Amino acid sequence: GSASVSFAPLQTTQTFTVDVVGELLVEADETFVLNLASLAPEGGAPPIVASGTATILNDDSAVLAIAGSSGPEGNAGTTPRQFTVTLSNPVQAEVRVNYATADGSATVADNDYQASNGTLVFPGSSTSQVININVIGDLEVEPDQSFAVNLSALDAPAGVTLGTASASGTIVNDDATSFSIANASVVEGTGGNSTLSFTVSLSVPA
């Protein structure tokens with residue numbers, strides 16, 4: 001856009017204002033140029049007599065965080081457990097962060113879940129990404145178990161920080177067992193004591 005400014009006789013300064021639009025996008029500092037031109041001679045372009053550069057300093061920030069996840073393990077195969085990673089504000093440039101699973105009471109060796117690691121990429125202005133970790137289903141009756149997904153090595157523009165860097169994935173036991181007792185009988189006999197044995201069973205091992 002353009003506007004005009006004039007000086008009264010003997011006046012040496014004038015103020016010219018430009019509106020800067022505020023927003024929450026994390027971005028690099030930005031600049032624009034304000035040119036001062038004399039009135040155009042007839043039929044010609046106005047000559048630029050002075051220029052000034054204005055800098056808009058970024059004052060926005062974003063925090064990266066991962067949220068926990070909980071759900072049943074299933075009885076067979078694998079079930080993806082979703083972990084959502086979010087940026088509190090959009091970022092103009094790409095944001096990258098590494099992730100890796102870690103054993104807790106749930107372990108890879110015990111076939112509770114499948115280990116995973118990699119790099120999560122947020123394209124410019126994206127604020128949410130999902131990490132899927134496969135939980136392995138079984139019929140074993142056991143307590144609820146958990147493992148962790150950890151974030152590290154944040155690669156992002158200035159103003160972006162790593163907040164919640166670890167989240168727990170809870171594998172909720174969805175198996176059950178029940179007791180049963182079998183009937184028993186014994187011949188009474190004519191003297192002394194007899195032993196009566198009852199068999200108690202679990203429907204599924206625990």
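The following is a conversation about how certain labels in this predicted model are justified.

Colleague: Why is Thr 195 called exposed?

Modeller: Thr 195 has a relative accessible area of 64%, and exposed means over 50%, so Thr 195 is called exposed. Thr 195 lies in the loop between strand 12 (179–181) and strand 13 (200–202).

Colleague: How far is the C-alpha atom of Thr 195 from that of Asp 60?

Modeller: The two C-alpha atoms are separated by 81 Å, and the residues are 135 apart along the chain.

Colleague: What makes Glu 94 and Arg 96 a salt bridge?

Modeller: Their closest N and O atoms are 3.4 Å apart. The limit is a side-chain nitrogen of Lys or Arg within 4 Å of a carboxyl oxygen of Asp or Glu, so the pair of Glu 94 and Arg 96 qualifies. The structure holds one salt bridge.

Colleague: Why are Glu 94 and Arg 96 called partly exposed?

Modeller: Partly exposed is the range between under 20% and over 50%. Glu 94 has a relative accessible area of 43% and Arg 96 has 33%, so each of them counts as partly exposed.

Colleague: How do you know that Glu 142 has no salt bridge?

Modeller: The nearest side chain of opposite charge is that of Arg 81, and it is 11 Å away. A salt bridge needs the atoms within 4 Å, so Glu 142 has none. Glu 142 is also buried, and its place is in the loop between strand 8 and strand 9.

Colleague: Which residues is Glu 142 in contact with?

Modeller: Leaving aside neighbours within four places in sequence, Glu 142 is in contact with Glu 73, Asp 112 and Asn 173.

Colleague: What makes the phi values of Asn 111 and Ala 153 worth a remark?

Modeller: Each is a positive value in a residue other than glycine: phi is near 60° for Asn 111 and near 55° for Ala 153. Asn 111 sits in the loop between strand 6 and strand 7, whereas Ala 153 is in strand 9.

Colleague: Why is Asn 111 called partly exposed and Ala 153 exposed?

Modeller: The cut-off for exposed is over 50%. Asn 111 has a relative accessible area of 48%, so it is partly exposed. Ala 153 has 52%, so it is exposed.

Colleague: What makes strand 8 and strand 10 the edge strands of the four-stranded sheet?

Modeller: That open sheet has the order 8-5-3-10. Strand 8 (128–136) and strand 10 (160–162) each pair on one side only. Neighbouring strands of the sheet are turned by 25° against each other on average, direction ignored.

Colleague: How do you know that the pairing in this sheet is mixed?

Modeller: Strand 5 (residues 78–87) and strand 8 pair in the antiparallel sense over nine bridges, with Thr 78 opposite Ile 136 in strand 8. Strand 3 and strand 5 are also antiparallel, over three bridges, and Ile 66 stands opposite Val 85 in strand 5. Strand 3 and strand 10, however, pair in the parallel sense over three bridges. There the bridge partner of Val 63 is Thr 161 in strand 10.

Colleague: Which residues of strand 3 are on its covered face, and which on its uncovered one?

Modeller: Ala 62, Leu 64 and Ile 66 are on the covered face, while Val 63 and Ala 65 are on the uncovered one.

Colleague: What is the strand order of the five-stranded sheet?

Modeller: The order is 4-11-9-6-7, in an open sheet with mixed pairing. Strand 4 (69–72) and strand 7 are at the edges, as each pairs on one side only. The twist averages 25° from one strand to the next. Strand 4 and strand 11 pair in the parallel sense over four bridges, and Gly 71 has Ile 171 of strand 11 as its bridge partner.

Colleague: What makes Ile 131 and Phe 147 stand out in the largest nonpolar core?

Modeller: Of the 24 residues in that core, these two touch the most other members. Strands that each supply at least two residues of the core include strand 3 (62–66), strand 6 (95–102) and strand 9 (145–155). Beyond four places in sequence, the residues Phe 147 touches include Phe 83, Tyr 113, Ile 133 and Ile 171. In soluble globular proteins, nonpolar side chains tend to be buried together.

How values were computed: Residues are numbered from 1 along each chain as its sequence is written. This is a predicted model: local features need pLDDT of at least 70, side-chain atom pairs count only at pLDDT 80 or more; totals for chains, interfaces and linings use all residues. Side-chain values use heavy atoms; hydrogens and water are left out. Two strands pair if DSSP finds at least two bridges between them. Axes are lines fitted to C-alpha atoms, for helices over the stretch in contact, and angles run from 0 to 180 degrees between N-to-C directions. A nonpolar core is a set of buried Ala, Val, Leu, Ile, Met, Phe, Trp, Tyr and Cys residues joined through side-chain atoms within 4.5 Å. Buried means under 20% relative accessible area, exposed over 50%, partly exposed in between (1.4 Å probe, protein chains only). Contact means heavy atoms within 4.5 Å. Lys and Arg count as positive and Asp and Glu as negative; His and the chain ends are not counted.
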